[in-house]
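Please open the model in a viewer and keep the selection tool at hand. The stops below are meant to be followed in order.

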Amino acid sequence: MNRRKLIEERFFKLLSSIASYSLIAILAFIIVIIFVKGFHALTFDMVIKAPKGGFYYGGEGGVLNAILGSLYIAGGASIIAIGIGMPAALYINVNLVRHHALQNTIRYFLDALWGIPSIVYGAFGFTLMLYLGMNASLLAGIITVALLITPIMIRTFDEVLCTIPKGLLESSLALGSTNTETAFRVMFKQGFSGFITAILLAFGRGIGDAASVLFTAGYTDLIPVNLDEPAATLPLSIFFQLSSPIPEVRERAFASAAILTLIILVISLTARALSKKYSKSNLQ
Amino acid sequence: MFTDVEMCEKPDVVSTPYGSTSILRIRNLNVFTEDHHILKDINLDIPKNKITVLLGPSGCGKTTLLKCMNKLTDLYQELKVSGNIFIDEDDVLHSNSNIPAIRQKMGLLSQRPYPLPMSIFKNVAYGIKLQGVKNKSLIAETVERNLREVGLWEEVKDRLHSPGASLSIGQQQRLCLARGLAVKPWIILADEPTSALDPISSKIIEDLFRNLKQKYTIILVTHILRQAVRLADHVVFMNFGEIIEQGKPMELFKNPSTKQLKEYLVDGN
């Protein structure tokens with residue numbers, strides 16, 4: 001290797017490694033800041049108790065209402081997103097395999113929906129809610145977040161299905177499968193690891209979003225037991241606590257952020273482990 | 001104007017020079033893309049229980065012809081197909097035909113194996129289950145019989161529940177053959193099935209074809225002249241989307257009547 005190529009090689013290697021490691025450093029920095037700032041407030045009570053009287057002035061209690069509210073909303077929205085997203089992605093890749101223009105149009109619209117800011121979904125959900133005569137509730141939050149995360153779910157799964165060789169589709173059809181059998185028995189299984197990733201991304205976006213639930217899910221110190229009751233969420237809980245002038249309450253905001261981060265990390269690691277397991281064994 | 005065939009001709013029963021009737025009859029088949037005429041007026045009778053080799057240089061339309069036979073051309077937007085392909089009384093290209101049922105009459109072996117994302121056992125059982133068979137012992141028996149037929153049983157009998165993709169590529173190709181045979185096809189469509197295999201695995205597949213032709217009709221696409229010589233009962237030489245010559249291999253290869261085949265034979269040797 002001549003000198004010029006050697007310098008070029010070293011320069012780009014250094015540049016790439018700085019770019020890669022800086023991302024890890026940023027993530028580590030965020031986590032450290034959150035945990036350090038919220039460390040003192042991160043008590044067991046925070047995760048097992050709902051806010052008591054005067055919680056937002058430094059009184060007793062925790063954010064169980066927001067933890068459960070977030071899990072309910074993100075979980076419910078993810079179930080709806082799976083119900084719509086999985087068949088939609090399979091339809092695009094199996095039934096529309098010879099309709100490239102239509103495939104591209106659908107993908108374009110999904111990408112546009114992905115890019116719409118979540119506050120717009122919140123406003124749309126709010127309008128829908130008023131039109132249907134609903135109050136701010138768990139159900140309204142679930143529907144709005146489902147609208148937000150379904151395009152993410154479809155496009156992520158779709159991208160994985162796109163990478164499956166056409167030969168597999170042909171092999172399945174050649175055995176006499178219908179399109180539906182091919183989609184659900186072959187393509188879905190082949191793309192299962194991507195499906196897990198899609199759920200993870202959609203759930204992560206859903207649980208971490210504040211704007212879409214601001215008008216639709218409402219906020220309450222109570223733990224919702226029905227779909228028509230308002231529900232607190234962790235992002236809003238963080239927002240309200242962080243707006244407080246009281247240092248103890250702001251500390252709790254960081255503790256809540258740490259809890260949200262931990263939930264996302266646990267779900268992410270579980271999903272990755274599942275995804276790895278299934279892609280390794282290629283489903284038995 | 002195209003795939004939705006203009007009219008459905010009645011299949012004519014044709015005897016072949018091999019003392020058997022033709023199992024598949026292709027009439028006036030044309031395949032176009034927007035700017036290319038891929039297959040030009042193909043008329044062909046495939047003799048039953050023989051190995052018909054579609055021979056020709058790369059890009060001459062062999063694979064497209066094979067894909068027309070089980071209507072996999074449906075998956076390609078750019079292909080416009082016209083003509084008729086009769087198997088039994090069914091016209092494959094006729095849009096009202098029951099395509100999954102017709103496809104089950106033709107097992108497909110691709111250039112490289114595509115095991116389904118499931119176990120070895122389930123790969124072979126897949127097609128039978130699609131046919132509605134639920135009896136577990138019947139399924140197990142069919143799986144074993146077909147794995148034995150392709151000489152894979154002894155190699156996999158202790159790991160039937162391992163993923164199909166865990167096999168070597170040669171074994172995967174035999175698994176795909178067993179999977180295709182399990183649905184009791186009439187015809188095996190083999191699209192350069194040995195092109196991704198090592199010489200030993202290729203020989204196993206070729207030996208299998210020789211045995212399988214007792215029960216099945218095999219249509220083999222290849223551009224390897226020697227493979228055609230080794231396996232063919234009937235050779236169809238194609239070039240630029242046309243059938244140039246066809247006949248028994250020894251007659252065709254010894255006395256080619258067209259310049260194109262002569263040149264191909266010279267280059268192939």
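**Helix crossings in chain A**

Helix α5(A) crosses α6(A) in a right-handed sense. This is a predicted model, and the tour begins at that pair of helices. To display the pair, select residues 118-132 of chain A for α5 and residues 138-162 of chain A for α6. The axes of α5(A) and α6(A) come within 9 Å and cross at roughly 135°. That angle makes α5(A) oblique to α6(A).

Next, show the side chains at this crossing. From α5(A), select A:Ser118, A:Tyr121, A:Gly122, A:Gly125 and A:Met129. Their counterparts in α6(A) are A:Ala140, A:Ile143, A:Thr144, A:Leu147 and A:Leu148. Colouring this contact by residue class gives 6 nonpolar, 4 polar and no charged residues.

Keep α6(A) on display and add α9(A), residues 192-208 of chain A. At what angle do α6(A) and α9(A) pack? The angle is about 155°, and the axes lie 8 Å apart. Because of this angle, α6(A) is roughly antiparallel to α9(A). The crossing of α6(A) with α9(A) is right-handed.

On the α6(A) side, select A:Val145, A:Leu148, A:Ile149, A:Ile152, A:Met153, A:Thr156, A:Phe157 and A:Val160. These meet a set of residues in α9(A), including A:Gly194, A:Phe195, A:Ala198, A:Leu201, A:Ala202 and A:Arg205. The contact of α6(A) with α9(A) comprises 12 nonpolar, 4 polar and 1 charged residues. A:Leu148 belongs to the α6(A) side of the contact with α5(A) and also to the α6(A) side of the contact with α9(A).

**The domains of chain A**

Now colour chain A by domain. The domain assignment gives domain 1 as residues 3-41 and domain 2 as residues 44-281. Taken over C-alpha atoms, the centres of domain 1 and domain 2 of chain A are separated by 28 Å. Their contact draws 7 residues from domain 1 of chain A and 8 residues from domain 2 of chain A. On the side of domain 1 that touches domain 2 in chain A, 4 residues are nonpolar, 2 polar and 1 charged.

**The sheet of chain B**

Move to chain B and display its strands. Here an open sheet of 4 strands follows the order β2-β1-β4-β5, with antiparallel pairing. Which strands of this sheet are the edge strands? They are β2 (36-47) and β5 (90-91) of chain B, each of which pairs on one side only.

Select β1(B), residues 22-33, together with β4(B), residues 80-87. These two strands pair in the antiparallel sense over 7 bridges. To locate one bridge, label B:Arg25, whose partner in β4(B) is B:Phe86.

Then turn to β2(B), which is joined to β1(B) by 8 bridges in an antiparallel arrangement. Label B:Leu24 and find B:Ile46 opposite in β2(B). The connection from β1(B) to β2(B) is a hairpin through 2 residues.

**Where the chains meet**

For the last stop, show both chains. In the contact between them, 28 residues of chain B meet 26 residues of chain A. On chain B, select α2 (99-103), α3 (120-130) and α6 (169-181), each of which supplies at least two residues of the side that touches chain A. That side of chain B divides into 16 nonpolar, 8 polar and 4 charged residues.

Technical notes. Residues are numbered from 1 along each chain as its sequence is written. Chains are lettered from A and ligands numbered from 1 in the order in which they are written. This is a predicted model: local features need pLDDT of at least 70, side-chain atom pairs count only at pLDDT 80 or more; totals for chains, interfaces and linings use all residues. Axes are lines fitted to C-alpha atoms, for helices over the stretch in contact, and angles run from 0 to 180 degrees between N-to-C directions. Angles under 35 degrees count as roughly parallel, over 145 as roughly antiparallel, 65 to 115 as roughly perpendicular and the rest as oblique. A crossing is left-handed if the near helix is turned anticlockwise from the far one by less than a right angle, and right-handed if clockwise. Two residues are in contact if their C-beta atoms, placed from the backbone, lie within 7 Å. Ala, Val, Leu, Ile, Met, Phe, Trp, Tyr, Cys and Pro count as nonpolar, Asp, Glu, Lys and Arg as charged, and the others, Gly among them, as polar. Domain bounds come from an automatic or database domain assignment. Two strands pair if DSSP finds at least two bridges between them.
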